[in-house]
Amino acid sequence: AFVSELTGLQLRAIDSPTLPKVHFTHPDTTWAFESAVRPLVEINSPGADILGTLDGTKQVVIARQKFATHTTLFAALPMHSAEVWRTVLRAAGCHVYNEQNDFTTAGDNFVLLHTASGGVRTIYLHKGLEVRLDLPGAVTWLLDAQTGEVVMRN
């Protein structure tokens with residue numbers, strides 16, 4: 001009841017398959033879990049955009065609903081793909097700074113990038129500015145979110 005109130009989505013408890021598989025609709029991806037997921041709920045909200053179902057069923061387990069002041073995204077099971085996360089975040093109106101699977105976060109006019117592997121990266125700032133970086137291995141860099149200037153290297 002609390003999660004329904006928080007998200008604005010109607011949820012219903014369902015039994016988890018022994019080895020649940022989720023089919024995400026865009027990008028067309030399926031991933032499997034190694035054991036049952038409990039508790040598990042299905043989303044029964046008219047008007048919600050269906051993003052993922054339990055594989056082979058019509059039981060919605062990932063959905064998005066747009067409201068006047070915000071967009072809710074709810075996944076009843078963990079999403080295991082960075083590509084899926086980027087797609088979902090874009091659909092919710094979020095800006096994606098980095099197409100690689102690095103930890104990237106932004107706030108207070110900074111973009112923080114942490115990579116375990118290094119290499120060439122392109123960071124996509126607002127207003128169409130692209131910043132190309134050549135990262136030397138496992139590093140954490142802080143960039144000015146307006147200019148792309150590197151203000152800290154660690």
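## Working through the cores of a predicted model

Of the 154 residues in the protein chain, 38% are buried (under 20% relative accessible area, with over 50% called exposed and partly exposed in between; 1.4 Å probe, protein chains only). This is a predicted model, where local features need pLDDT of at least 70, side-chain atom pairs count only at pLDDT 80 or more, and totals for chains, interfaces and linings use all residues. Residues are numbered from 1 along each chain as its sequence is written, and side-chain values use heavy atoms, leaving out hydrogens and water.

**Exercise 1. Find out how many helices and strands the protein chain has, and what its C-alpha trace spans.**

Step 1: count the elements. You should get two helices and 13 strands, taken as DSSP runs numbered from the N terminus (helices H or I, at least four residues; strands E, at least two).

Step 2: lay the C-alpha trace along its principal axes. The spans come out at about 50 × 40 × 25 Å.

**Exercise 2. Work out which residues touch the most other members of the largest nonpolar core, and which elements feed it.**

Step 1: set the rule. A nonpolar core is a set of buried Ala, Val, Leu, Ile, Met, Phe, Trp, Tyr and Cys residues joined through side-chain atoms within 4.5 Å.

Step 2: pick out the best-connected members. This core has 22 residues, and V22, F24, W31, V61, I62, L77 and M79 touch the most other members.

Step 3: sort by element. Two or more residues each come from β2 (21–24), β4 (40–43), β5 (49–54), β6 (60–66) and α2 (82–91). The top contributor is β6, with four residues.

Step 4: zoom in on L77. Contact means heavy atoms within 4.5 Å; leaving aside residues up to four places away in sequence, L77 touches V22, F33, V37, L40, L54 and V61.

Step 5: look for another core. There's a second, separate one of 12 residues, including V111, I123, V139 and A145.

**Exercise 3. Take I43 and Q65: decide where each sits, whether buried or exposed, and what each touches.**

Step 1: place I43. You'll find I43 in strand β4, and it's buried, at a relative accessible area of 5%.

Step 2: list partners of I43. Beyond four places in sequence, I43 touches L9, Q10, L11, V60, V61, I62, A63 and F74. With A63, 20 residues away along the chain, the C-alpha separation is 7.2 Å.

Step 3: do likewise for Q65. Strand β6 holds Q65, which is buried with a relative accessible area of 12%. Past four places in sequence, its contacts include L9, S45, P46 and H70.
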